[in-house]
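Open the model in your viewer and keep the selection tool at hand. The tour below goes from stop to stop and says what to select at each one.

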Amino acid sequence: MIDEKGRLFKRVSVVDLLIVLAFVAVLAGFVYRQMAPSIGVIIRADERFYVTVQGAGIRHFIVDAVEVGDVMYRRHSRQPIGRVVDIRVETAYDVMLRTDGTAVLAPMEGRYDIFITMESAGSIRDERFLVGGNDHIARGSEIELVSNRVFLPTGEVYFVGERP
Amino acid sequence: MRKYRLFGLINPVDVLLVILVVLVVWAGYLFSAPQQVVADNAQRVRFTIELPARPEGFHEGIRPGGVVFDSVRGLNIGHVVDAYGLPFLEDAPDEANNVIRRGAVEGLEFTYIVVEAWAVVTDYATEIGQYVVRVNQEIAARSVDFAGLGFITSVEHM
């Protein structure tokens with residue numbers, strides 16, 4: 001099958017074939033990752049659900065830059081997460097170390113926790129909420145959000161579900 | 001020495017050279033400093049740069065009209081319309097009241113530089129040429145009157 005010159009069926013060099021196969025494998029892996037659905041049963045597609053992302057300890061100018069109606073995207077994938085339907089702002093807290101060696105959770109003047117609730121469109125598979133096909137949104141995961149006016153690098157998914 | 005050719009035709013060194021040329025051209029485009037070209041669908045935007053912990057009075061040397069550049073890629077990102085200063089604040093524990101306060105630091109200021117430019121605005125980004133501006137984005141900016149690292153604190157679509 002392979003002759004003394006390393007050719008398969010006396011026609012194609014095995015080395016050339018291996019190089020092409022390696023390239024095709026990388027390309028196939030990239031396409032699969034981008035387009036193929038993950039293993040699981042699709043229960044519902046094009047469903048609406050709600051995602052709330054928390055940004056902690058942020059300054060007022062970031063709070064002011066988020067508005068109801070803004071479309072928020074996941075920064076690294078440019079995948080739209082949803083449209084902002086509600087914004088809640090609370091005083092931020094942080095650990096304050098005292099000179100007597102104790103620590104307390106203290107309110108931070110001029111800093112806020114923002115809770116941004118978005119209405120998302122995606123699919124629900126095996127109780128997982130997916131946007132953009134394969135992007136799994138899970139409670140507790142870190143997420144970088146952007147809109148056309150604001151960048152929230154340290155967001156955490158606070159809630160995801162079918163009702164806000 | 002036997003010459004290796006892919007499928008008997010293509011010299012792999014030639015392929016590598018072509019890839020190298022493409023990368024050099026791409027890098028040249030990416031790091032070039034084109035003058036701001038106004039796109040057909042552009043609109044005016046104003047954004048504010050905050051430079052922290054500048055010496056008090058630093059803003060007084062920044063004149064309106066100066067062209068502002070991104071220091072990393074040398075991109076023209078607009079011109080100064082205003083500059084002002086506010087007391088620089090740092091977090092400081094107030095143990096008596098169990099509160100973390102924002103305290104003014106004497107002798108230092110936040111310098112705010114208001115920049116105006118033409119930008120293309122989409123749902124995803126506000127783009128001044130190749131430069132994207134967003135609130136809370138870190139920015140290294142310079143003009144003939146200043147240079148510094150700070151954050152964008154407001155973006156207004158006019």
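**Confidence in chain A**

This is a predicted model, so start by colouring chain A by confidence. Chain A has an average pLDDT of 86, and 91% of its residues score at least 70. Select α1(A) and then α2(A): confidence is lowest in α1(A), with a mean of 79, and highest in α2(A), at 95. Next select residues 38-43 of chain A, where the pLDDT is below 50. Beyond near neighbours in sequence, that stretch has nine contacts in the model.

**Two domains in chain A**

Select residues 1-36 of chain A for domain 1, then residues 42-161 for domain 2. How far apart are the centres of domain 1 of chain A and domain 2 of chain A? Taken over C-alpha atoms, the separation is 44 Å.

**Strands β6, β7 and β8 of chain A**

Go to residues 103-125 of chain A, which make up strand β6, and add residues 128-131, which make up strand β7. The two strands run antiparallel and are joined by three bridges. Two residues lie between the strands in this hairpin, and A:Asp126 there takes a positive phi near 50°.

Now add residues 135-137 of chain A, strand β8. Three bridges join β7(A) to β8(A), again with the strands antiparallel. To see one pair, select A:Phe129 together with A:Ile137, its bridge partner in β8(A).

**A stop at A:Ser123**

Select A:Ser123, which sits in strand β6 of chain A. Opposite A:Ser123, in β7(A), stands A:Leu130. Is A:Ser123 buried or partly exposed? A:Ser123 counts as partly exposed, because it has 19 C-beta neighbours inside 10 Å, and a buried residue needs 20 or more. Add A:Glu47 to the selection: A:Ser123 and A:Glu47 are 76 residues apart in sequence, yet 5.5 Å apart in space from C-alpha to C-alpha.

**Where chain A touches chain B**

Show both chains and select the residues in contact between them. Chain A puts 24 residues into the contact and chain B puts in 23. On the chain A side, α1 (14-35), α2 (60-64), β4 (71-74), β5 (79-97), β6 and β10 (151-161) each supply at least two residues. Which element gives the most to the side of chain A that touches chain B? That element is β6(A), with six residues. Colour this side of chain A by residue type and you will find 15 nonpolar, three polar and six charged residues.

**Chain B as a whole**

Hide chain A. Chain B has one helix and eight strands, and from the N terminus on they run α-β-β-β-β-β-β-β-β. The radius of gyration of chain B is 23 Å, whereas the globule rule gives 15 Å for 158 residues, so chain B is more spread out than a compact globule. Along the principal axes, the C-alpha atoms of chain B fill a box of roughly 80 × 45 × 30 Å.

Select residues 1-30 of chain B for domain 1 and residues 43-157 for domain 2. The C-alpha centres of these two domains of chain B lie 44 Å apart. Of the 158 residues of chain B, 23% count as buried. Among contacts in chain B between residues at least 6 apart in sequence, 66% join residues at least 24 apart.

**Strands β2, β3 and β4 of chain B**

Select residues 67-70 of chain B, strand β2, and residues 76-94, strand β3. These strands run antiparallel, with three bridges between them. B:Val68 stands opposite B:Gly78 in β3(B). Five residues lie between the strands of this hairpin, and B:Gly74 takes a positive phi near 70°.

Add residues 99-121 of chain B, strand β4, which pairs with β3(B) in the antiparallel sense over 14 bridges. One pair to pick out is B:Ala92 and its bridge partner in β4(B), B:Arg101.

**Two asparagines in chain B**

Most residues other than glycine have a negative phi. The last two stops have a positive one.

Select B:Asn98, in the loop between β3 and β4 of chain B. B:Asn98 has a positive phi of about 55° although it is not a glycine. With 13 other C-beta atoms within 10 Å, B:Asn98 is partly exposed.

Finish at B:Asn136, in the loop between β6 (131-133) and β7 (138-142) of chain B. The phi of B:Asn136 is positive, near 80°. B:Asn136 is buried, with 21 other C-beta atoms within 10 Å.

Key
Residues are numbered from 1 along each chain as its sequence is written. Chains are lettered from A and ligands numbered from 1 in the order in which they are written. This is a predicted model: local features need pLDDT of at least 70, side-chain atom pairs count only at pLDDT 80 or more; totals for chains, interfaces and linings use all residues. Domain bounds come from an automatic or database domain assignment. Two strands pair if DSSP finds at least two bridges between them. Helices (H or I, at least four residues) and strands (E, at least two) are DSSP runs, numbered from the N terminus. Two residues are in contact if their C-beta atoms, placed from the backbone, lie within 7 Å. Ala, Val, Leu, Ile, Met, Phe, Trp, Tyr, Cys and Pro count as nonpolar, Asp, Glu, Lys and Arg as charged, and the others, Gly among them, as polar. The radius of gyration is taken over C-alpha atoms; the globule rule is 2.2 Å times the number of residues to the power 0.38. A residue is buried if 20 or more other C-beta atoms lie within 10 Å of its own, exposed if 12 or fewer, and partly exposed in between; C-beta atoms are placed from the backbone. pLDDT is the predictor's confidence in each residue, from 0 to 100.
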